[in-house]
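Student: I'm new to this structure, and I'd like to get to know one part of it properly. Could you pick a starting place and take me through it step by step?

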Amino acid sequence: MKVLATAILLMLTAAPLTLLAQSTVHGSVVDAQTGSPIAGATVVVAGTANGTLTDRAGAFALTAPDSISGLSVSSVGYVSAEVSVGSPAESVVVRLAPAHERLPGVEVTARRPTPSAIELGEPDLQRASGLSLEQSINTQPGLFMQSRTPWGGARITIRGYYPSTNGNSPNSNGLGSQVFLNDIPITDATGLTVLDDIDFARLGSVEVIKGPASSGYGSAIGGTVLFSSLRPEPGRTSVNEQVVAGSYGLLRSTTSFETATSHSDLVVDYGHQDYDSFRPHSGSIKNYAHVTGDVNLSERQTLSGYFSYARSHENLAGEIDSAPFYARERVSNAAYLANDSHIDLNSVIAGVTDRYRIGEHFTNQSTLFATGRFLNQPFAHGFTDNTQFNFGARTAFGYDAQLGSVELTGSLGALVQRSQIATNGVFILPFPPFVERPTNQENSATNGSIFTEWSATLPHRVVLTAGASLNKNDFAIHNLLKDGALFDTTTTQRKSFDWVVTPRVSVSKGFAANALAYASVSAGYTPPLLSNVIANTGAVDLSLEPERAVQYELGTTGTYLNDRLSTQLDVFDIENTNKLVSETANSATFTTNAGKQRNRGIEASAAYAFVRDTTRMLSLVRPWLSYSFTDAKFIDFRSDNNNSSTTVSFSGNAVPRVPRNTFAAGLDLGTQQGFLLTSSFLHIDKVPVTFDNSTYVRGYDLLSAKLGYRRAVTRHWMLEAFAGGDNLLGNTFYSFLFVGPNIQGLATPAQGGTGDGYIIPAPYGATGYGSVSLRYVF
């Protein structure tokens, strides 16, 4: 009995000691680039087999019999991380960096409501010099990017959706698509998108949602582009200096400071770029400054901030005729030269985002933003001064729960934005008697949407998704010039579009280890731009209606053979009504609803990693290819909606500027020593540039290659260098195309114009670039 009592006493004494010796750590694992939680990540106590997986919110908790000093964290498609643990009472936030060799579509079975979306990471964005996106975007199926100047005036076209208006502004403003940067709208409340505000060299990721398959972003017909700024490497503080030099006087320098801990990160950088250009009056000067950072206020809350300033001067050389283009003459448009045409742009983008987890199942992400822009633009036949200020907010509540055998996720949110614009200038008719048409306006626009989208993951890997957005747009136009001369302070004309509901439904079925098939139907909505409502005479048309569309989509995406083979196949049909068309009568240019358009196509891509092993001398061997077939046709499309003897029907014609076939292929090679070779071949089919299809621009082939080297020279110094070339075949191709009802449009020789000028040429021949980057790690 005495022995038993002694044993019990020892057990009671040891139990508290054992409990005291135990250690518990909790926290979350997130994507270092996007801040999104990573579900299913493996978290292991360093030096042991004691581990766990993160839940749907990326959260984890671990208990060990001894004190926990470090964690090993890993997830498919990310670089594994070793994290030290301080006080057990503090939450640990582990930021995993995407792997450089990460294959597209690795996470296709995750809860992605738009499986056909294209996601580009830092390696994809650095396929060329890294200063523009065209090399990265144009190798993706269904996407086509052009630039009006060598380093400005960019426009991304998705699945052949273009505004069918002529004239300079609507040809390059991105009507019909929505663009966001770090959850801040770059597309303003008037519908205008100006990408010159963004420093492409400092982007970390790009996601493109094709067509109106984005209930959370207003269901724009042309699609949605989501930019995210570059984030620092987890657990490191460094300063970096990079210099890029290239053909025709290209010189870019970027100075940056980056730091990231388990609780916060910060990036501060400044970039300056000069370019002389290959033809007269097409050089540019650009300056960019950015500050972006995150701080974890608690285990449940993260606060993010973004601020950028951009100042640029872009000379405009203008469009030229086909004869000098095919003769490879380095000429510019005489009218642009005579008026010293250029764009001076100063812009500011600012936003603050709060991410908060409310209990076990709810989240909220809210962003307050403001942007401002001043633009001065002398053009071929006049000038425009524009001062604009935009502000607004976006919030989205999320829900995530396991309800029996069904996993339910959803979101409900709203966006509201207002733009104030002051514009003055003059347009001079380019033919006798050269009438001057001055403008002086104070306009405003408001747009808003209420959106929701819900996905139910059922047994047998079936996912049902339904969503909708409720959209509203309003314009207010205050013309300070009455009858072209009198000062008017009282008259404000208003256009309030009706509320429009754009629903979306989709279903997907998982198969194999990591693949799925899907089908969706999505409605789209694109209101006219504020500038579409105002004719070049100053007259206002309040009868314009939004474009409407429905997209049907079937596809499959997945990875096979131990994630070495990645494939995607999409078939789509977009039917677009109420097309906006520019009409000219009595020297006045205005916009009208005058047509229907149908875009159908097939998109395919594949990549196979023959070698993907960082322990081997040849660590990466990955060929890839992509193909797009786009049949874009006018179904019921006219030069105007008058239905008179002068009305011209373009029904049945191909949509201008949309290549019927595009093909891209490449090979990526990497070595254990830090060398990386990327190469790509791109074929673009011939395209019509007139609504009557009487004139085509020839197709072209481009071959590009880049050799890079990245290595830690010492414990603190890292070296990165690369050299490459574009258009190595020396072919003739364009960087931008204008369109019109016919070749002459508004610029016939009788009117003093240039005839068939519609081409902005790219450099005639191969171009090269090189870079050296030196980073000091503290």
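Tutor: Let's begin with two strands of this predicted model: S8 and S13 (residues 203-210) pair in the antiparallel sense, over three bridges. Strands here are DSSP runs of E of at least two residues, helices are H or I runs of at least four, and both are numbered from the N terminus; two strands pair if DSSP finds at least two bridges between them. Within this pairing, Ile-118 stands opposite Val-208 of S13.

A word on the ground rules: residues are numbered from 1 along each chain as its sequence is written, and side-chain values use heavy atoms, without hydrogens or water. Local features need pLDDT of at least 70 and side-chain atom pairs count only at pLDDT 80 or more, while totals for chains, interfaces and linings use all residues.

Now step back to the whole sheet. It is open, has five strands and mixed pairing, and runs in the order S8-S13-S14-S11-S12. S8 (118-120) and S12 (184-185) are the edge strands with a single partner each, so each has one side without a neighbour in the sheet.

Next come the nonpolar cores, sets of buried (under 20% relative accessible area, 1.4 Å probe, protein chains only) Ala, Val, Leu, Ile, Met, Phe, Trp, Tyr and Cys residues joined through side-chain atoms within 4.5 Å. The largest has 35 residues, and Val-697, Tyr-700, Tyr-734, Leu-737 and Ile-759 touch the most other members. At least two residues each come from S37 (618-637), S39, S42, S44 and S45, with S37 giving the most, four. Take Val-697: leaving out residues up to four places away in sequence, its contacts (heavy atoms within 4.5 Å) include Tyr-326, Lys-686, Tyr-734 and Ile-759.

Our starting residue returns in a second, separate core of 32 residues, which includes Ile-118, Ile-186, Leu-195 and Phe-200.

Some strands of the largest core also turn up around a cavity, a set of points on a 1 Å grid over the protein atoms alone where a 1.4 Å probe fits but cannot get out. The largest cavity is lined by 48 residues, lining residues being those with an atom within 4 Å of a point. Glu-134, Pro-150, Asp-726, Phe-733 and Pro-763 lie nearest its centre. S39 (675-684), S42 (700-712), S44 (734-737) and S45 (759-761) are among the elements that each supply at least two lining residues, but the largest share, six residues, comes from S9.

Terms used:
1 Å grid on protein atoms, 1.4 Å probe; cavity = no way out; pocket = protein on both sides within 12 Å on 5 of 7 lines; lining within 4 Å. Buried < 20%, exposed > 50% of the residue type's maximum accessible area, 1.4 Å probe, protein only.
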